[in-house]
Structures are given as structure tokens and as C-alpha cells.
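Work through the exercises below with the structure in view, and try each task before you read its solution.

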Amino acid sequence: MRFSVASTLLALASIASAASSWTFSDGTVQVTSKAGNDAVAKFSADDRVQNTLTLGHQDKLKVTLTTKEGSKAKRPHQAFLVVKEASGLEAPFPLTVKESGKGTVEITQKDLPVQLLLSQEPLEASLVLGSFGSTKGSVTPVFDFTVKLDPATAVPSYEKPLRYGKLAEIHHIFRADPKNPPRIVSVAFSLAVLATIPALFIGWFAIGGNFAHVQKALSSAPISHVVFFGSIVAMEGVFFLYYTKWNLFQTLPAIGAVGVAAFLSGTKALGEVQRRRLAGER
Amino acid sequence: MWSILSVAAALFAAAVSAVSTSGNRLLVVLDDVAEKEAYGQFLGDLTARGFQVSYETPRSEGLTLFHLGERTYDHLLFLPSKVKGLGPNLTPNRLVDFVNANGNILVALSSTVPASTSLVSLLSELDISLPVERTGTVVDHFNYDTISAAESHDVLVLDAPSSIRPGLKPYFELPGGVLAFPHAVGHVLGSGPLLTPIVRAPATAYSYNPKEQAEVLDADELFAAGQQLALVSVMQARNSARVTVLGSAEMLQDKWLDAEVAKLGGKSTKTENKEFARRVAGWTFQEIGVLRVNSVEHHLQGSEELNPGIYRVKNDVSYTISLSEYVWDKWVPFVLPEDDLLQLEFSMLSPFHRLNLELKGTTDDAAIYGVSFTLPDQHGIFNFMVNYKRSFLTNVEEKNTVSVRHFAHDEWPRSFVISGAWPWISGIGATVTGFLGFCAIWMYSKPVGKKN
């Protein structure tokens, strides 16, 4: 019960004091510039500066005002000019306030943090007044200004601090897989190459090539011819097996065997061919 | 009989130590042991959760953090104490050693008592700065408790944190609740990745020294204001030891745990201090936010062999990792925070693949994350690396080294499966056929125009 009485009293007190709050008068913002873009603007609690001010690299921005509790000039404990960037980042600049309530603050580019200097949007300055007791504090947006950096010096750099978190995926490929031309092109060229086989045989036959002496050769040296020609075909077969599944150690003995057969039968078979040539039959 | 007793004792010990993954010996350092009465509920809650709480003052003789090189306590809780330095047993150096030995520290500060130099040095070692004069009160003329601090404005009433940062576990988030911070000390954090602010002061708050700046706040002597001021911050070291700075020790006291507070022009509400204090202490003493890797498996797709030591370039490989999270008193499957990813790096010096692991399944106490991928086309010594470091969660750094060999001579694709080689293979066929045909014609052709 006592508690509720106390809170009721408190509520009453706050209603009673709600009329008085921290305000200010004679608000002036002045830009003193060496580059010649001086500007002076006045503002009050209800009336902010309409046009955006510019703060160059050698300029000084000075805010003067008189703080008031209700209508009486008085010094509050908290009198900050808060400069805010579009992302919500704020930098407070406390005013030096005299007993009479006259307060000033000066801002140059050196006072602003890098993030605010690099802001693309105009910075918003608001005035925060507040103090102990029941008098209400106030937050009043008063003016906007843009920062014009010195074009002669390097733009201040800002590196984002490291934060643990997910990272971008990586799929690094050292060398791309070799690519094949379209299958149809390969097939067409293969067929063109294979087409040279009949072309070759047709050409040979056209200039008189034939197999007419097979009979004669087989009748005079049948075994040698069969084995010799067979060994030539077998040698190609061995090469084919080497290409498809054999290794070198399986291939070499096979080549040796086929080679010996070719040598032994070849002497006889080619002797027969030579005899035909000497007889003028070739 | 003795064996039954010892088994029972062991079981009891296991049940008690189940409270925190890193032990249950808690040392509370305060000015006067009698002061613990003020924190009865909070400390009683810790005891009920299974902590063995010891109380010491900085002046006590037998106080030591290490015995024969081993920690004698697992956790430290510093309540405000009026002594300037904490004595030879609690030098900043010892405290850093304590953190290096995986001990956790919860530092509670109060603006009514200057912080002791040991704690100031410990915190500055961690890149947390306190006001220079070791005492500073955070006031906010816009967010104060109108019931208890209508005049002095030094009891802050703030909304409980609702979204600290995307991609973090919501351990400290109490949406809709309010927290009371009586007589808080603000601190400013460095930019290191190990520090995370939990509660920041509102934009209109500022810190001042009530002794010297009671009348006028000198413009040059402002310590910090607005969001730069943190009221509760956590630090997790690389070894996953935790240090928490609580700006207001009084918020742990019984009278503030569920006190009624009212914002300016608002109705009076009950604070969530009790739940917040439970979570802050639980997190600091490793009762929540602790990860465990149960197993890591990788294998060649289509092969039964687990975790082989060698792979070939361009092998298709599957990788799975099983993770559990400790929540107060049990292990549960680890669920990733929203907007966060568990990533696998396949690295040799630097990562060549960084892939997102997907949830493949869960068991009663573990979640299995996995991914299948093709190894890069480069031989060498590679690591399967899961480097999951996040604020609020203990670090997971799992590295499994494998060799990746290049193709053996008989593992390359044969030329007949490469379509681009077909014209050349046909060429060989044509040459062979032509050669055989030429041999036959050379041996068996009959001269044209000659009669036999």
C-alpha cells in the first residue's frame, strides 16, 4: 500500500514537473572557413537549420547556445552535440557550458571518427540536454552537415575489424578438365579417316593391284606363306592387346614369339616371292 | 561395502560435476564473507545447480588459485571489493594464468566501489577499458528507473537484448523483457574478435565520475557515451576460457533480481534480471554454449574403409562430423544458429575448398553434419579442417591430415573413352589395315598386262 502511495506521489510529481524540461535558446551554428565558405545559421528547439552545411578540411564548426531549464537559463549536467551517421553510428561532443547556461562546442575534421568522415550521406547533428532530478531531458535534431575531405591528401582508410562468422565458399580448380570437341565432329572426322581405307584399296585396284598370285604362292610354299602372313596379322593383334589390356612384360615375349615365327617363315616365303620376281612374274 | 560406497561416491561426484563441462569449483571473491547474504538467491541458484561455492576475501591467507601447478578452482566470481589491489594471490598475472589454464572469470563491478587495480589490469589485458579513475557511473537522463532513482538517474532500465548480432546463438536474448542496471560501470571494448558486447548503453547514456564531475562534466574528460559504452560484455579466449564483465554487481542482488522498475513515463514492470543473471553466470561457467566433437569421419565414396590416410586427386569423398552442445545439464544435438553455417575447409596452406556442411541427421545427443565433394586436382598433404569459431560458442578446430596422391599411370582415362581421340584411333586403324593390305598386294599381286 505504501508502495502504491509512493508511486502515485511520484507519478504526480512527474506530472507536475512535466511542464519543465531542458531546452535552449540563441542556438547558432557557424562555419569559419579558410576556403571562403563561411556560413552562419540560427536554430531553436522547434526550428532546425534547413540547408546542409559543409565542413571543409580546414574549417571549424562552432555551435553556441544558451541552455535553459524551463525558461530559466541554467547549466545541465549533460549537454552533448551528437553527430550521427546514416547507419546509426554516433559520436558525442560535450558542450562546454558556463554557469549562466552559455554553451559552446567546436568541431573540426580532426575530431570526427574515420567512419563519419567517410560517410556518403550528410551527418545529422542533434543536441542532447539532460540533468539529474525530475526535469525532462530533450533530444533535438538541429542541423545537417557534409564533410568535404581535402582533395590533396589521401582519403583516410578504414578497415573493418575482424569478426568470426561464416565465410564465402571456395571451389578452387587448379587446371580445368580438358575439354573434348563436340562428339559429332569427332565422329565425322573418324569416318573421314576410315573412308581412306576403301579409297586406298580402290586406288590400288585401279592401277592394277590384285591378289591373283595367292593361289600360286600357297601351292609352292603353303606353310611359310600362311605362317608369315599370319604372323604379320598376329603382330598387329599383339599390339592391339597391348593397347587394351596387356602390360609390357606380357607383350614382349609375345612379340618375340611372333617375331621368330615371322623371321623363320619369312625367309622361305620371301624367297618364294623373290623367285617369282626373278621369273618375271611380278 | 567400501566398494559400494566408493561407487556411490563416484556416481555422486559425477552427478554433481555434471553441472558444468569444466568443473564445479567456484570461488567467490568479496570484501566480507557476510556480504554474500545480499546475493543469496543468485548464489543459492548456483549451489542448487551443483556448484561447490567457496567464499574468500582478497585478504585471506590461504587463498591460492593454483596448487602444484593445477587450478584449485574452476571458476572465479569477483564481487565488488573495496581493497585497492587484490593482494599477491590475485595479481593480474595470476588471473591471466588462470584464464590460460581454462579457468572462467565473472567480474561484477559497481560504481559505488572503485574497481580494484588487479581487475582493471586484467581487463585492460583483454582490451576492455574502464574509466581512468577506476570509478564511473553510467547515467541516462532518458532511461532511468523512476521508482528508485528519480533524482540521481543512476539505475538504468533497458530493454533486454533482443538481437545482439546476426548469426549468434540467442543465449542472452530475452525479447520483451527489461533489465535494471543499478549503479553500473561502463566499459569500452577494443576491436578484437574475441570480445562481444551483450548489453550496450543507450544512445543518451554517458559515464561520469560522481566524485569529481558531480556538478560539471568537463568536455575533455568524458570517458565514453552512448553505444560505445558497454554494460555487459563477454570475452572468450582462444582456449575457450570465458571472461565476462558485468557492469552492475547490484543487479545480482536479491532486491534487484525481480525488482519493480518503471521507465520514464511508463508503467512499472518486473525486471528479467534473475533470468539474465542465470544466463550470464551459466554461460561464463560453461553451462551453455559448449560444443563437443563426437567423431569425424571421411571416406571414399563407394568404399567401406573409414578415415583412410591417402586419397587420389579427383576422388569423390564424403566427410561427416558429429557435434553436441551442452545445455545446462545435458548434451543435445548442436543446431546451428540462424544465419550461420558450419564450413569444411580442404586446405594445403590455404583452403582450396570451403564447403557448407549440411545437417545429415541427428541422434539423441548429437547432430551429424556432412558434405560430399570431389578432391582438388592437385596432389599433396591436405587437411580436412573444420574451424568453427563463433562468439558465445566454444571453439571447434578439427584438423585431419590426409595425403592426396596423383593418378597412377594406369588410372588415367583410356583414349577410346575420349571422344576427341577417335579420329586418331581411326587413323591407326586405317594405317594398320593399309599396311596389311599393302603387304598382301606386295606379295600376291600379279603383274598387269603380263600373260601367265
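**Exercise 1.** In this predicted model, determine how many bridges join E12(A) to strand E23 of chain B, and in which sense the two strands run.

*Solution.* Begin with the two strands themselves: E12(A) and E23(B), which covers residues 350–356, are joined by two bridges, and they run antiparallel. Next, look for a particular pair of residues, and you will find that His171(A) has His353(B) as its bridge partner in E23(B).

**Exercise 2.** Write down the order of the strands in the open sheet that contains E12(A) and E23(B), and then explain why one side of each edge strand is left without a neighbour.

*Solution.* As a first step, follow the six strands across the open sheet, which gives the order E12(A)-E23(B)-E22(B)-E26(B)-E27(B)-E19(B), with mixed pairing. As a second step, consider the edges, where E12 of chain A and strand E19 (310–312) of chain B stand; each has a single partner strand, and therefore one side of each has no neighbour in the sheet. As a third step, examine one pairing within chain B: strand E26 (residues 380–390) and strand E27 (residues 393–405) pair in the antiparallel sense over 10 bridges, and among the partners are Arg390(B) and Leu393(B), the latter in E27(B).

**Exercise 3.** Describe the side of chain A that touches chain B, stating how many residues are in contact and which element gives the most.

*Solution.* Start with the totals, which are 61 residues of chain A in contact with 59 residues of chain B. Then turn to the elements that give two or more residues to this side of chain A, among them helix H1 (2–18), strand E10 (123–130), strand E12 (170–171) and helix H5 (222–244). H3(A) gives the most, with 12 residues. Finally, sort the residues on this side of chain A by kind, and they divide into 31 nonpolar, 21 polar and nine charged.

**Exercise 4.** Find where Gln286(B) and Leu349(B) lie, and decide for each whether it is buried or exposed.

*Solution.* It helps to recall that most residues other than glycine have a negative phi. Gln286(B), although not a glycine, has a positive phi of about 60°, and its place is in the loop between helix H6 (273–284) and strand E18 (288–300) of chain B. Because 22 other C-beta atoms lie within 10 Å, Gln286(B) is buried. Leu349(B) is likewise not a glycine and has a positive phi of about 65°, and it lies in the loop between strand E22 (343–348) and E23 of chain B. Leu349(B) has 9 C-beta neighbours inside 10 Å, so it counts as exposed.

Key:
Residues numbered from 1 in each chain as written. Chains lettered and ligands numbered in written order. Predicted model: local features only at pLDDT ≥ 70, side-chain atom pairs only at ≥ 80, totals over all residues. Contact = placed C-beta atoms within 7 Å. Helix = DSSP H or I, 4+ residues; strand = E, 2+ residues; numbered from the N terminus. Nonpolar A, V, L, I, M, F, W, Y, C, P; charged D, E, K, R; others polar. Pairing = 2+ DSSP bridges. Buried ≥ 20, exposed ≤ 12 C-beta atoms within 10 Å, placed from the backbone.
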